[in-house]
Amino acid sequence: MNDVTRWGILATGGIAERFATDLAELEGAEVVAVASRTEASARAFADRFGIARAYGDWDGLFADPDVDVVYVATPHHAHREAAGRALEAGKPVLCEKAFTLNAREAEELVGLARDRGLFLMEAMWMYCNPLVRTLAELVRDGAIGEVRTVQADFGLAGPFDAGHRLRDPAVGGGALLDLGVYPVAFAQLLLGEPDSVQAHARISAEGVDLNTGMLLGWDSGASALLSCSLEADTPLTASVTGTKGRIDVPRGFFFPERFTLVREGAEPEEFTNTDDPHSMRHEAAEVMRCLRAGAAESPVVPLDGTLAVMRTLDAVRDRIGVRYPQETALTRA
C-alpha cells in the first residue's frame, strides 16, 4: 500500500458528498475517481471536489487500476450488488449502513470478501468515533459494573411524503434500516447479539415502518429499550446503566461531543471529544490503517458484529411484518 490511499467513491448523493469533504481533511487520503449511473452526475461531483476521473457506470470505477479502495454510498438496497461487484473486481470495500437489506445478503458479501482475502468494512462511523470507543472501553473495563439496561433512540419529525425514498419499500425504506440501525448497533457494541427480540411498529400504507419500538433481551438479564421514527423528533440520546453506575450520552449519541459517567459515591465525570465528532474521517482512517497493515477486517468494526446487527434487524422486521419486494420475489421463486 502506498503512503497515499486512493479512494473511489460510488454514488453521488449527500452521504458521498460528506465523505468526500471529510476525506479532503485526512492526511494520506485522495479521491481519484467517482462513479454514478449517469456520467453527468459523476462529472458534476468530480468537478465539485476536484476528482480526476468520473465514470457513468460502476464497472469503470471497479476496473480503474489507480483505485485502492471503493466507498459504496448507494442507497442500501443496492449495497449487495455494488459491494459484491467491487469485491469481484478485486477492490477492498467500505460499505455504508445499513450494510445490506438483510442478513442473507450480508452473509454473501462477507463470505465473498473472506474467500478472496479482501478487506470489507461497514461504514459504521459511530464505532470509529473516538468518544464512542472510550465509552465502550469504560464499559468493558467494568467502570459501571455489569450492564443491565441500554436505552437509545433516533427519530426525525418528517413528515416524509409517500414518494420519498424513506417511504419506498423497493429501496428498503422505513425507519429501521436508515435510523434504527444506530440504536441497535449501539446496544450490540456493548452487549453483543441479543438472545430475544420483541418489537412493535406503525406501518405505512406502502408497507414500511414509520415508528418502531424494540425490546432486546440477553440471557444475562440485560435489556435494551430502543426506538426509531420517521414521525417524531426524538431526543437522540443514549444511556447505559450498570450495577455500579451509568453513562449518559446527550443528543447526538452516535456522534457525541461529550458523555457523563455517574458512579455511586463519586462526582460525575465528563468526557469530551476534542476532535470534530461529526467527521467521517475516523472511519476512513481505520480503513486506511487496516489496508496498510494488510488486514482483511477491522477489529473496530468487525464483520461478525455487522452480521449480528443485520440478524437483529431481520428479527425486528419479522416481528413487525415488514418485507421488501426483493425478498418476497426471492421467497416465491
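**Helix packing and cavities: a walk-through**

Guide: About 40 Å³ of space lies in the largest cavity. Keep in mind that this is a predicted model.

Visitor: Which residues line the largest cavity?

Guide: Look for P75, H76, R165, L166, V171, G172, G173 and D178. Sorted by class, that lining has 3 nonpolar, 3 polar and 2 charged residues.

Visitor: How many cavities of 30 Å³ or more are there?

Guide: The count comes to 2. The second largest cavity holds about 30 Å³ of space. Around that second largest cavity sit E122, M124, Y127, A185, V301, G305, T306 and V309. Its lining splits into 5 nonpolar, 2 polar and 1 charged residues.

Visitor: Which element gives the largest share of the lining of the second largest cavity?

Guide: That's helix α10, with 3 residues. So let's turn to α10, which spans residues 303-320.

Visitor: Okay, how do I read helix packing?

Guide: In general, two packed helices are described by the angle between their axes and the distance between the axes. Take α8, residues 175-191: α8 and α10 pack at an angle of about 125 degrees, and their axes are 10 Å apart.

Visitor: What do we call α8 and α10 relative to each other?

Guide: Oblique. An angle over 145 degrees would count as roughly antiparallel, and 65 to 115 as roughly perpendicular, so this pair falls in the remaining class. The crossing of α8 and α10 is right-handed.

Visitor: Which residues make the contact?

Guide: On the α8 side you'll find L176, L177, V181, V184, A185 and Q188. From α10 come A308, V309, T312, L313, V316 and R317. By class, the contact of α8 with α10 has 9 nonpolar, 2 polar and 1 charged residues. You've met A185 and V309 already: both are in the lining of the second largest cavity.

Visitor: And at what angle do α5 and α10 pack?

Guide: Helix α5, residues 103-116, packs against α10 at about 165 degrees, with the axes 9 Å apart. That angle makes α5 roughly antiparallel to α10. The α5 and α10 crossing is left-handed.

Visitor: Which residues of α5 and α10 meet there?

Guide: α5 brings A103, R104, A106, E107, V110 and R114. They meet L303, D304, L307, M310, R311 and D314 of α10.

Visitor: How do the residues of the contact of α5 with α10 divide by class?

Guide: There are 6 nonpolar, no polar and 6 charged residues. Set that beside the contact of α8 with α10, with its 9 nonpolar, 2 polar and 1 charged.

Conventions: Residues numbered from 1 in each chain as written. Predicted model: local features only at pLDDT ≥ 70, side-chain atom pairs only at ≥ 80, totals over all residues. Heavy atoms only, no water. Axes fitted to C-alpha atoms, helices over the stretch in contact; angles between N-to-C directions. Helix = DSSP H or I, 4+ residues; strand = E, 2+ residues; numbered from the N terminus. Parallel < 35°, antiparallel > 145°, perpendicular 65-115°, else oblique. Left-handed = near helix turned anticlockwise from the far one by under 90°. Contact = heavy atoms within 4.5 Å. Nonpolar A, V, L, I, M, F, W, Y, C, P; charged D, E, K, R; others polar. 1 Å grid on protein atoms, 1.4 Å probe; cavity = no way out; pocket = protein on both sides within 12 Å on 5 of 7 lines; lining within 4 Å. Points joined across faces, edges and corners; volume = space filled by probe spheres on them.
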